[in-house]
Amino acid sequence: MRILGVDPGSRLTGYGCVDVEGGKVRLVTHGVLKVAGIHAKELLPLEKRLLLIYQGLNEIILKYKPQIMVVEKIFFAKNALSALKLGHARGAAVLTGAMHSLEIVEYSPTEVKSSLVGFGRADKTQIAKMLQIILGRQDFLTHDASDALSLAISHAYRLPKQWTLRQTSL
């Protein structure tokens, strides 16, 4: 079974893909889609960023052929405008997965942190360190990639142990 975790953002969208075979998790790929602009302070219009999220995830899905996409559940943010932009980015990601007939699964940040670290309030550094323990040494450019991988692995831990790559149509 191949699982794609996506951490959507209006500037950076993280992705992480894992295989589950016989109850074991193996890294396929991880990275970040930069959708803000070429320069750090440059900001593309929202519609262009959403298009870049769609195009980037579309390429990833076509290349790696996951069966499941895992995204973070919507949460309440202090800044309404940031939450709205995040909702748009999340919508673009979910729609892309749905267009490829992927099963879409959602988890709250607390659920993911609890399943990986055993503590729902773990910080991003603790999550990245746990991912390195599970997958081996990894260099994450940003927390967006490690967050996406944590979503995928959190779902992998919830699957029945009998899943193997041979049972899927890769």
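Is Ser101 buried or exposed? The answer is given in point 6, after an outline of the chain.

1. Status of the model. This is a predicted model. The protein chain has an average pLDDT of 88, and 90% of its residues score at least 70.

2. The weak stretch. Over residues 164-170 the pLDDT stays under 50. The model nevertheless gives this stretch 19 contacts beyond four places in sequence. Where pLDDT is low, predicted coordinates should not be read in detail.

3. Secondary structure and order. Five helices and five strands make up the list of elements in the protein chain. Their order along the sequence is β-β-β-α-β-α-β-α-α-α. Two of the loops in this pattern return below: one lies between α1 (46-64) and β4 (68-72), the other between α2 (80-99) and β5 (103-107).

4. Overall dimensions and packing. The C-alpha trace spans about 45 × 35 × 25 Å along its principal axes. A compact globule of 170 residues would have a radius of gyration near 15 Å, and the protein chain agrees with this because its own value is 15 Å. Of the 170 residues, 44% count as buried. As for contacts between residues at least 6 apart in sequence, 63% of them join residues at least 24 apart.

5. Surface and charge. About 9200 Å² of the protein chain is exposed, and carbon and sulfur atoms supply 57% of that area. The side chains include 22 positive and 14 negative ones. The centres of these two sets lie 2 Å apart.

6. Ser101. This residue sits in the loop between α2 (80-99) and β5 (103-107). Its phi is near 60°, a positive value in a residue other than glycine. To return to the opening question, Ser101 is exposed, because its relative accessible area is 67% and the cut-off for exposed is over 50%.

7. Lys65. What is notable about the phi of Lys65? Lys65 is not a glycine, yet its phi is positive, at about 50°. Its place is the loop between α1 (46-64) and β4 (68-72). Lys65 has a relative accessibility of 44%, so it counts as partly exposed; that class lies between the 20% limit for buried and the 50% limit for exposed.

8. Reading the two loop residues together. Ser101 has a positive phi, and Lys65 has a positive phi. Ser101 is exposed, whereas Lys65 is partly exposed.

Conventions:
Residues numbered from 1 in each chain as written. Predicted model: local features only at pLDDT ≥ 70, side-chain atom pairs only at ≥ 80, totals over all residues. Heavy atoms only, no water. Helix = DSSP H or I, 4+ residues; strand = E, 2+ residues; numbered from the N terminus. Rg over C-alpha atoms; globule rule 2.2 N^0.38 Å. Buried < 20%, exposed > 50% of the residue type's maximum accessible area, 1.4 Å probe, protein only. Contact = heavy atoms within 4.5 Å. Areas by Shrake-Rupley, 256 points an atom, 1.4 Å probe, with all protein chains shown as cover. Lys, Arg positive; Asp, Glu negative; His and termini not counted. Charge placed at Lys NZ, Arg CZ, Asp CG, Glu CD. pLDDT = per-residue confidence, 0-100.
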